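Notebook open, coffee poured. Here is what I looked up today, entry by entry, in the order I came to it.

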Amino acid sequence: MAGLGLLDFGFEFVEIFAFVVLATVGLAVIFGMMGIINLAHGEFILVGAYATTFSFAAGLPLPLAMLAGVVITAVFGVVLERLIIRHLYGRLLDSMVVTWGISLVMIQLVRIVFGNSAPGIGIPFGQLPIVDGPVYYLVLAVIAVGLLGGLYALFMWTDFGVRARATMQDEETARSMGIDTDRMYASTFAIGSALAGLTGALYAPVMPITPEYGTGFLVEAFVAVVVGGASVIVGTVLASGFLGTVNAAVTNVAGTFMGQVAMLIAAIVAIRLLPEGITGLLADLREKRGESE
Amino acid sequence: MAVSDPTIKTKPAVDETGRKSSRVLQTRDLRKEFGGLTATDDVDFALEEGELRCLIGPNGAGKSTFLNLLTGQLEPTAGSIYYDGHDITAMPSHERVERGISMKFQVPSIYEGLTVAQNLRVPLQQVVDDDFAVRTREILERFDLLAERETTASDLSHGQQQRLEIGMAMALEPKLLLLDEPVAGLSVEETAEIADLLCEIAADDGVALIVIEHDIDFVESIADRVTVLDQGTIFREGSIEEIKADPEVKRIYLGEDH
């Protein structure tokens with residue numbers, strides 16, 4: 001039985017880890033790379049979910065419907081960036097107020113246009129044989145890990161990544177090095193939007209699709225970004241691992257609600273002890289080790 | 001601001017005798033106002049290929065503003081900038097860099113968290129498709145930074161940081177290099193090294209340079225010609241000897257009464 005308990009915990013962890021990673025990654029890219037706190041992040045996820053579910057209802061196979069969700073959210077993000085967000089770079093508070101406004105408008109707009117619910121999709125791949133849960137959650141975890149690996153490679157090893165990091169660290173120097181920083185911001189915002197769209201698409205089969213769909217991701221996303229700290233990919237991995245472990249362990253013993261409560265308490269403690277996040281602590285440790293050598 | 005088509009050659013790159021002109025840069029009535037303050041006041045300025053020009057003047061004379069107008073970091077209120085025979089007044093700054101205008105700022109603009117080699121990668125990937133290793137090594141050797149190749153930029157000495165930044169600017173293979181106080185805070189030896197480097201860049205690479213500098217000895221050691229700015233206008237232009245001998249320059253810039 002102890003073995004089965006461990007399996008349950010493992011499955012719980014995988015499910016929550018994937019959820020936190022996928023909820024966070026689009027927000028983390030936009031905040032980490034551009035310094036924009038996108039309070040409409042949940043509604044970008046909402047666009048992905050609605051585009052997916054209506055594409056599926058129109059007859060597209062699920063993978064293609066999901067791809068449509070990603071593409072439509074990316075295009076939506078680019079249009080919003082060109083029209084509104086680009087005027088808010090370097091204006092943190094303004095960007096929060098504006099994106100919050102966008103969020104409110106979008107929720108009401110979706111309610112007016114599509115009503116209070118959208119057609120469901122149904123969870124693909126069936127149930128796992130040993131643990132009580134769908135195979136699809138394992139697929140989500142594999143996608144989450146693959147996504148993190150892909151993003152790490154994109155930002156660390158490609159010319160685009162060098163340009164993006166150069167722009168993030170010092171925009172003026174980047175411009176003087178011939179980098180089109182406007183285009184870098186637009187591309188980064190498109191990537192962040194596409195990632196949010198992907199999250200909406202991937203969770204469309206497992207969560208009821210309503211105008212408030214996006215808010216279900218917000219707590220995990222913002223908590224993980226703050227706990228993770230400045231480093232986009234490493235921060236997301238470590239914060240998701242930490243929060244996922246706490247949530248899964250408590251959920252396994254005391255149920256989903258207490259798991260959520262324990263995760264938020266752990267996040268509050270972590271933020272109190274590590275104001276710069278987990279990656280801030282790592283940077284401090286590296287610096288101290290460098291000084292002592 | 002007047003919008004001009006950068007693809008139209010508004011000034012032919014030939015001189016009056018029909019020979020190909022070696023003029024790299026020309027500004028006409030270039031003006032920049034900040035609210036009620038005119039920082040650059042209808043400046044007509046010209047620079048030839050391979051020329052090393054120093055820009056001097058009291059604080060607030062508009063020197064840095066002028067350089068920032070040339071790089072596109074600031075938009076002029078009026079006037080035009082011609083570079084290599086093209087009107088670049090409305091061109092975004094990254095396109096000016098692509099065309100060969102490179103800038104080294106007053107405050108060291110390097111990526112402190114990256115190594116020396118990684119810093120060079122940023123400009124190099126704008127101009128070369130591969131051969132990063134070869135070009136990186138060439139620049140490191142030229143700017144005497146080979147031993148610091150894997151050193152994090154924040155751990156370099158101030159002089160090494162200045163050399164790295166000039167190396168990054170030169171990695172872009174410019175025709176016009178703009179430097180804002182490149183020897184501020186450097187030792188006598190480091191200043192002499194930078195002076196040799198800049199003279200070499202002008203003479204061997206044919207790069208035209210505009211250098212803002214307060215250290216008149218440094219200016220004397222490098223400049224072909226000197227332009228004195230005062231209150232946003234060109235106050236005097238000439239050889240260093242002429243400038244040093246000018247009593248009005250002494251009064252406004254060197255602070256000497258006559």
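Before the first entry, a definition: accessible areas here come from the Shrake-Rupley method with a 1.4 Å probe. I also remind myself that this is a predicted model.

**Entry 1: chain B overall**

I started with the surface of chain B, and its accessible area comes to about 11,200 Å². Carbon and sulfur atoms own 45% of that area. Next I checked burial: chain B has 258 residues, and 52% of them count as buried. I then turned to contacts in chain B with a separation of 6 or more, and found that 67% of them link residues 24 or more positions apart. For the secondary structure of chain B I noted nine helices and ten strands.

**Entry 2: the four-stranded sheet**

In which order do the four strands of the open sheet in chain B lie? I read 2-1-4-5, with antiparallel pairing. Strand 2 (37–48) and strand 5 (86–87) of chain B are the edges; each has a single partner strand, so one side of each has no neighbour in the sheet. Looking at the strand 5 edge, I found two bridges joining strand 5 of chain B to strand 4 (residues 78–83), and these strands run antiparallel. One residue pair I wrote down is B:Tyr83 with its bridge partner B:His86, the latter in strand 5 of chain B. Helix 1 (residues 63–71) of chain B packs on this sheet and touches strand 1 (23–34), strand 2 and strand 4 of chain B. The direction of helix 1 makes about 115 degrees with that of strand 1 of chain B.

**Entry 3: the six-stranded sheet**

Chain B has another open sheet, made of six strands in the order 6-7-8-3-9-10, and here the pairing is mixed. Why is one side of strand 6 and of strand 10 of chain B left without a neighbour in the sheet? Strand 6 (101–104) and strand 10 (233–238) of chain B stand at the edges, each with a single partner strand, so one side of each stays unpaired in the sheet. From one strand to the next, the twist averages 20 degrees. At the strand 10 edge I found five bridges to strand 9 (residues 225–230) of chain B, the two running antiparallel. B:Val226 has B:Gly238, in strand 10 of chain B, as its bridge partner.

I then looked at the helices on this sheet. Helix 5 (residues 158–171) of chain B lies across strand 6 and strand 7 (176–180), and runs at about 170 degrees to strand 6 of chain B. Helix 6 (residues 188–205) of chain B lies across strand 3 (52–56), strand 7 and strand 8 (208–212), at about 150 degrees to strand 8 of chain B.

**Entry 4: a helix pair in chain A**

Over to chain A, where I followed helix 2 (residues 41–57) against helix 4 (residues 92–114): they pack at about 20 degrees, with axes 10 Å apart. That angle is under the 35 degree limit, so helix 2 of chain A is roughly parallel to helix 4 of chain A. The crossing of the two helices in chain A is left-handed. Among the residues that meet, helix 2 of chain A brings A:Leu46, A:Tyr50 and A:Phe54, while helix 4 of chain A brings A:Met106, A:Ile107 and A:Phe114.

**Entry 5: one arginine**

Is A:Arg165 buried or exposed? I found a relative accessible area of 18% for A:Arg165, so this residue is buried, the cut-off being under 20%. A:Arg165 lies in helix 6 (residues 159–169) of chain A. Leaving out residues up to four places away in sequence, A:Arg165 touches A:Met33, A:Phe155, A:Met156 and, from the other chain, B:Leu114.

Definitions and conventions: Residues numbered from 1 in each chain as written. Chains lettered and ligands numbered in written order. Predicted model: local features only at pLDDT ≥ 70, side-chain atom pairs only at ≥ 80, totals over all residues. Heavy atoms only, no water. Pairing = 2+ DSSP bridges. Contact = heavy atoms within 4.5 Å. Axes fitted to C-alpha atoms, helices over the stretch in contact; angles between N-to-C directions. Buried < 20%, exposed > 50% of the residue type's maximum accessible area, 1.4 Å probe, protein only. Parallel < 35°, antiparallel > 145°, perpendicular 65-115°, else oblique. Left-handed = near helix turned anticlockwise from the far one by under 90°.
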